[in-house]
Amino acid sequence: MLTALTGFLGFGRGDATAGGDDAGRRVAGSAGRRRTPAYKPSLLRSLTRDALDTGVQGFDAGLLWCVALLLMVGLVMVYSASIAVLERRNPAADASTYYLVRHAISMGIAIATAVLAFAVPVKHWQRAALPLFLLGTVLLALVFVPGIGRRAGGADRWISLGFMSLQPTELMKLFVILYVADYATRKQEMMHQFRRGFFPMAAALAVVGILIMREPDLGALMVIVSVAMGVLFLGGMSPKLFFGMGATLAGIFMMFILFVPFRRQRFFAYLEPFATKNAEGSSYQLTHSLMAIGKGEWFGVGLGGGVAKLNYLPEPHTDFLFAIIGEELGMAGMLVVIGLFFWIIRRCFEIGRQAISFELFFNGLVAQGIGLWIGIQAFINLGVNLGLLPTKGLTLPLLSFGGSAILMTCVALAIVLRIDVENRRLMRGTVL
């Protein structure tokens, strides 16, 4: 009976006759000598079990806490930064919590989706890498279809879903990492060759790049290409090919800047932001960001007490949220945020290195690629807010307002946590 019960619960082979005791054989015989079928849990139950099984195997609690803290800081700061935005646009409306509610809903959806993503074994993500990449490419093309795509601010970057909008470039950041990691794993012996190893991937990325530049979204393209190149290098690309392609891409990006008037003006304005013609024009956001951070000094003016968000700094709840953090929480708050990002990126690379030591190359490249993505995007956003880089339309991961960005970053970090759990299972001798 005990054998049959454990078999039913999934602790044994799932066969009532698997035990060696007479009681087990009598139970099997009483059922008409038929083998008891193996217990097969439903898909939902399997996902739930895998998602909650971390208590036995262990998981990276530090990484999870860093993500949770950044999400909480983001929720508070988005509310603080956006209170005056709608009041400025529509003074008669009492909707100061509009962005807070939407951001909270986005976080809820992102966390629920991340739990499901965590429950999926990494081998399934590898099998889905190519289909997801093709899906992302189709979504990038759909933004230009009338009635499906939505245009705002002179850019075609969103797909309207009625109750919400989807930004395909945010999905593509993760899909490219999965696809490039899978490609580098399958073509590992050819990664040093230009024609058979590098060229097919370059052609695929070129298609994605053309679609993104058509939107246009140079900032997202820089992140995607940089992360893809980084994953290819970690996956075994020849240093000669890597640095040659890096120089070529740098030249292409400079051409995009120099031959497009508004980008050229913004680039040169960043070099002298407080010049009169620049401060009132292309570097308007940058100068007010620097003044807000300078005003915060060491410990800030107090949560909610900033003035940069009051008709001075445009879109303070998205691209320039870090400036509001600097003004209201000061240098101390900025260092805490930077420290949390540093810990997340460090853990992504350590988890990836550990997976590679187990010869799980796809797992390792994905974890390190996600670390590169978060690191590069955070560096660009912080650099823009601090005046170290020209202004780019990139949000701060896990903090800035934006449903698609929050969703995909949480899903990506859930995959990293899954890779970590699978590493721990291997260390305990558990077969994946």
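Arg346 sits over the face of Trp343, 4.7 Å from the ring centre. This is a predicted model, and Arg346 is a good place to start reading it, as its side chain also meets that of Glu350 in a salt bridge. Across the structure there are 9 salt bridges and 6 aromatic pairs; a selection of them follows.

**Around Arg346**

- The salt bridge between Arg346 and Glu350 spans 3.2 Å, N to O.
- Arg346 and Glu350 are 4 residues apart in helix H16, so about one helical turn separates them.
- Arg346 counts as partly exposed because its relative accessibility is 32%.
- Glu350 has a relative accessible area of 22%, so Glu350 is partly exposed too.
- Which residues are linked with Arg346 in a network of salt bridges? They are Asp60, Arg347 and Glu350.

**Other salt bridges**

- Glu328 and Lys309 bring their side chains together in a salt bridge of 2.8 Å, N to O.
- That pair links distant parts of the chain, 19 residues apart: Glu328 belongs to helix H16 (residues 321-357), while Lys309 is in the loop between helix H15 (284-296) and H16.
- Are Glu328 and Lys309 buried or exposed? Both Glu328 and Lys309 are buried.
- In helix H18, Arg424 and Asp420 lie 4 residues apart, about one turn of the helix, and their side chains meet in a salt bridge at 2.8 Å, N to O.
- Asp420 has a relative accessible area of 1%, and is therefore buried, the cut-off being under 20%.

**An aromatic cluster**

- Have a look at Tyr98, Tyr99 and Phe401, which form one aromatic cluster.
- Among the 6 aromatic pairs of the structure is the edge-to-face pair of Tyr98 and Tyr99, with 5.2 Å from centre to centre and 80° between the planes.
- Tyr98 counts as partly exposed because its relative accessibility is 39%.
- Tyr99, at 8% relative accessibility, falls under the 20% cut-off and so counts as buried.
- Tyr99 also forms an edge-to-face pair with Phe401, at 5.0 Å centre to centre and with 90° between the planes.
- Where do the two partners of this pair lie along the chain? Tyr99 is in helix H6 (residues 98-119), and Phe401 is in the loop between helix H17 (361-385) and helix H18 (403-427).
- The pair of Tyr99 and Phe401 thus links distant parts of the chain, 302 residues apart, and both of these residues are buried.

Terms used: Residues are numbered from 1 along each chain as its sequence is written. This is a predicted model: local features need pLDDT of at least 70, side-chain atom pairs count only at pLDDT 80 or more; totals for chains, interfaces and linings use all residues. Side-chain values use heavy atoms; hydrogens and water are left out. Rings of Phe, Tyr and Trp (its six-membered ring) pair if their centres lie within 6.5 Å; planes under 30 degrees apart count as stacked, over 60 as edge-to-face and the rest as tilted. Buried means under 20% relative accessible area, exposed over 50%, partly exposed in between (1.4 Å probe, protein chains only). Helices (H or I, at least four residues) and strands (E, at least two) are DSSP runs, numbered from the N terminus. A charge sits over a ring if NZ of Lys or CZ of Arg is within 6 Å of the ring centre and within 35 degrees of the ring normal. A salt bridge is a side-chain nitrogen of Lys or Arg within 4 Å of a carboxyl oxygen of Asp or Glu.
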